[in-house]
Amino acid sequence: MSEPHDYDVIVVGAGGAGLAASISAAQAGARVLLLEAEDEIGGSTQLSAGLLTASATSVQESLGVDDSPLRMFQHYMDLNGWRVRPGPVRMFCEESGSAVEWLLELGVEIPAQVSRSAHEPGLTRAGVEDVWRGHVPKDQGYGLVQVLDKARARLHVDLALGSRVEDLVVRDGAVQGVVIEGEEATAPAVVIASGGLAADADLVRRFLPDAEVAGDALFVVAAPGCRGDHVGIAERHDLALFGQGWGLLLVTAEFQRYHHWQSGFPPASRIHVGLDGRRCMDEDAPYAVSPGILKDHGGWVWSVFDDDARTSLPPGYADWDADRILEEAAKGVVLRADTLEELAALMDVPADHLTASVTRFNALFANGNDEDFLRHESLAAKGVDPHLAPIATGPFHAVRMLPAELVCTHTGLEVDARTRVLGTDGRALPGLYAAGEAAGGILGERYVGGGNSVAHALVLGRVAGREAAARAAASSPRTEEDPA
Ligand SMILES: Cc1cc2nc3c(=O)[nH]c(=O)nc-3n(C[C@H](O)[C@H](O)[C@H](O)COP(=O)(O)OP(=O)(O)OC[C@H]3O[C@@H](n4cnc5c(N)ncnc54)[C@H](O)[C@@H]3O)c2cc1C
């Protein structure tokens with residue numbers, strides 16, 4: 001007879017994935033322990049806009065949006081060049097709609113109304129979706145976490161804060177629990193939901209070398225608890241990692257240090273030019289694809305705007321502020337010159353290329369029709385009039401735009417379509433499941449905005465909790481056979 005376990009299911013990390021896993025496991029009748037390393041729950045999920053992508057939901061249906069998991073799958077796979085795992089991605093797409101209905105039942109509010117941004121509750125799009133698929137909950141990520149935590153408490157899931165899991169307990173070829181401060185807590189099923197690795201600079205260097213392009217300008221907005229503890233677990237137990245080199249780096253000005261809620265927004269009348277001084281992109285290209293565009297131009301581009309644009313910036317933001325730009329110009333981070341020709345010299349780009357690009361930009365946006373990069377469509381989707389003021393009043397400014405804001409990372413424990421964690425030999429380690437950023441195989445090179453990562457956390461968390469509870473039920477009294 002084996003020893004009785006302390007719990008049926010142990011969940012590591014109380015962000016979106018961990019809360020979803022612990023709720024779904026408890027709903028299936030499991031006794032659940034949720035362990036959180038920090039002194040508060042929420043992780044990056046709590047800091048997020050809470051925007052989540054999902055197909056065939058009641059919210060879409062109420063707004064007349066025709067969608068299906070297969071359509072979402074095709075879009076997801078194509079955007080990622082089919083370099084993610086098709087089976088797990090299919091599961092993600094198929095489970096996404098029922099996950100949204102589940103969230104609504106738990107009390108999350110996603111009103112059936114059109115939303116123009118990730119900050120307005122309702123249904124939105126972030127630019128790359130083939131149909132409107134971005135669901136924005138009321139009170140964003142914070143509201144989402146609050147509702148989930150209430151459900152956790154209602155279902156009597158035990159929560160232990162300040163409990164950083166160090167390792168797994170593996171006996172007889174199966175996971176039997178976790179180790180915290182040298183002590184064991186046992187369960188026949190464990191869900192790793194410990195988030196990404198953005199807060200550990202060494203792991204970022206190893207698993208997301210693209211972040212190095214930003215140099216000193218790199219800043220991390222992910223939660224401090226995202227220390228990549230799943231990597232050590234993988235290395236100690238011969239588990240496969242998937243998604244190396246991938247993550248979400250948002251394109252920001254070199255002087256930015258905050259997420260755009262605090263940082264503010266660049267002026268609409270601005271032109272992005274490459275190192276050859278030529279306009280090279282839609283300045284409002286979706287964040288899902290803009291870092292990739294920069295990569296094709298040597299890693300970063302220049303953003304050029306005039307003094308009218310600077311002085312028209314609304315007050316109240318930390319970075320995109322008229323005075324702040326002068327301060328950055330004094331430091332040399334923003335280049336500033338009376339004429340475009342002088343600015344081109346400071347930027348080290350051909351002056352005739354820059355002036356020709358600005359002349360064409362001014363002509364296109366006088367008519368509100370950007371036939372070169374179709375930016376008028378991106379502006380219109382944001383509710384911005386595409387008739388932009390010309391870039392014409394000196395002094396002129398240029399600042400480097402870099403992939404510098406690290407939001408989340410995609411290297412996780414490789415999972416199968418049931419969220420079971422695979423070993424380097426391709427076989428599932430019995431009793432181990434993963435969800436959210438700690439899980440690999442679904443989050444790809446191209447972030448499927450908006451709402452790829454929150455959806456991934458909640459959908460996989462819900463599935464992992466269900467699977468873990470089923471395993472626990474099958475091993476009580478414990479059988480040697482994996483219910484797989
Ligand atoms: C500012 C910001 C805005 C964002 N906006 C969006 C958005 O609108 N839509 C979207 O899709 N994505 C967004 N993202 C990304 C998204 O929020 C995250 O990728 C997602 O929420 C991750 O969920 P998770 O549960 O995997 O991790 P987290 O929510 O980070 O939770 C992981 C938890 O595990 C804990 N933990 C870590 N190690 C251990 C350990 N060893 N033992 C115990 N606990 C541990 C951590 O402290 C943390 O609480 C945003 C991210 C940020 C930072």
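Modeller: Ala, Val, Leu, Ile, Met, Phe, Trp, Tyr, Cys and Pro count as nonpolar, Asp, Glu, Lys and Arg as charged, and the others, Gly among them, as polar. Keep that in mind for the ligand. The model is a predicted one.

Biologist: How many residues of each class are in the shell around the ligand?

Modeller: The shell has 18 nonpolar, 18 polar and five charged residues. Of the 41 residues around the ligand, the nearest are E36, T45, D229, E437 and S453.

Biologist: Which helices and strands each supply at least two residues of that shell?

Modeller: They are α1 (16–27), α2 (43–47), β17 (396–409) and α16 (452–474).

Biologist: Which polar atoms of the protein should I look at beside the ligand?

Modeller: Begin with E437, where a polar side-chain atom is 2.6 Å from an oxygen atom of the ligand. The backbone also takes part: an N or O atom of V454 lies 2.7 Å from a ligand oxygen, and a polar backbone atom of G16 lies 3.2 Å from one. Taken alone, the ligand exposes 1,000 Å², and the protein buries 97% of that.

Biologist: What does the UniProt record place on this part of the chain?

Modeller: The unreviewed UniProt entry gives "domain: FAD-dependent oxidoreductase 2 FAD-binding" at residues 8–454. Over residues 8–454 the chain is 32% helix and 21% strand, with its end C-alpha atoms 26 Å apart.

Biologist: Is N452 in helix α16 buried or exposed?

Modeller: N452 is buried, with a relative accessible area of 0%. A polar atom of the N452 side chain lies 2.7 Å from the backbone nitrogen of V448.

Biologist: Now the strands. How do I read their pairing?

Modeller: Strands of a sheet pair through backbone hydrogen bonds, either parallel or antiparallel. Here, strand β7 (residues 165–171) runs antiparallel to β8, and six bridges join them. In this pairing R171 stands opposite A174 of β8. On to the next pair: β8 and strand β9 (residues 183–186) are antiparallel too, over four bridges, and V178 has A185 in β9 as its bridge partner.

Biologist: Why is strand β8 described as largely enclosed by the rest of the structure?

Modeller: Buried means under 20% relative accessible area. Seven of the seven residues of β8 (residues 174–180) are buried, so the strand is largely enclosed by the rest of the structure.

Biologist: What should I look for in the turns of these hairpins?

Modeller: Look at phi. The hairpin of β7 and β8 has two residues between the strands, and D172 takes a positive phi near 50 degrees. The hairpin of β8 and β9 also has two residues between its strands, and E181 in the turn has a positive phi of about 45 degrees. E181 is exposed, with a relative accessible area of 66%.

Biologist: Where else is there a positive phi in a residue that is not a glycine?

Modeller: D139 has a positive phi of about 60 degrees. D139 lies in the loop between β5 (134–136) and α6 (140–154), and is partly exposed, at 48% relative accessible area.

Biologist: In what order do the strands of the open three-stranded sheet stand?

Modeller: The order is β12-β18-β21, with mixed pairing. β12 (241–242) and β21 (439–440) are the edge strands, each pairing on one side only. Strand β18 (residues 412–414) pairs with β21 in the parallel sense over two bridges; E414 has G440 as its bridge partner in β21.

Biologist: Which two residues does a cis peptide bond join?

Modeller: The bond joins G394 and P395, with omega about -5 degrees. P395 is in the loop between α15 (375–381) and β17.

Note on methods: Residues numbered from 1 in each chain as written. Predicted model: local features only at pLDDT ≥ 70, side-chain atom pairs only at ≥ 80, totals over all residues. Heavy atoms only, no water. Buried < 20%, exposed > 50% of the residue type's maximum accessible area, 1.4 Å probe, protein only. Pairing = 2+ DSSP bridges. UniProt positions renumbered as here; feature names shortened; annotations may be inferred. Near = heavy atom within 4 Å. Polar contact = N/O pair within 3.5 Å; in protein donor to acceptor, adjacent residues only side chain to side chain. Areas by Shrake-Rupley, 256 points an atom, 1.4 Å probe, with all protein chains shown as cover.
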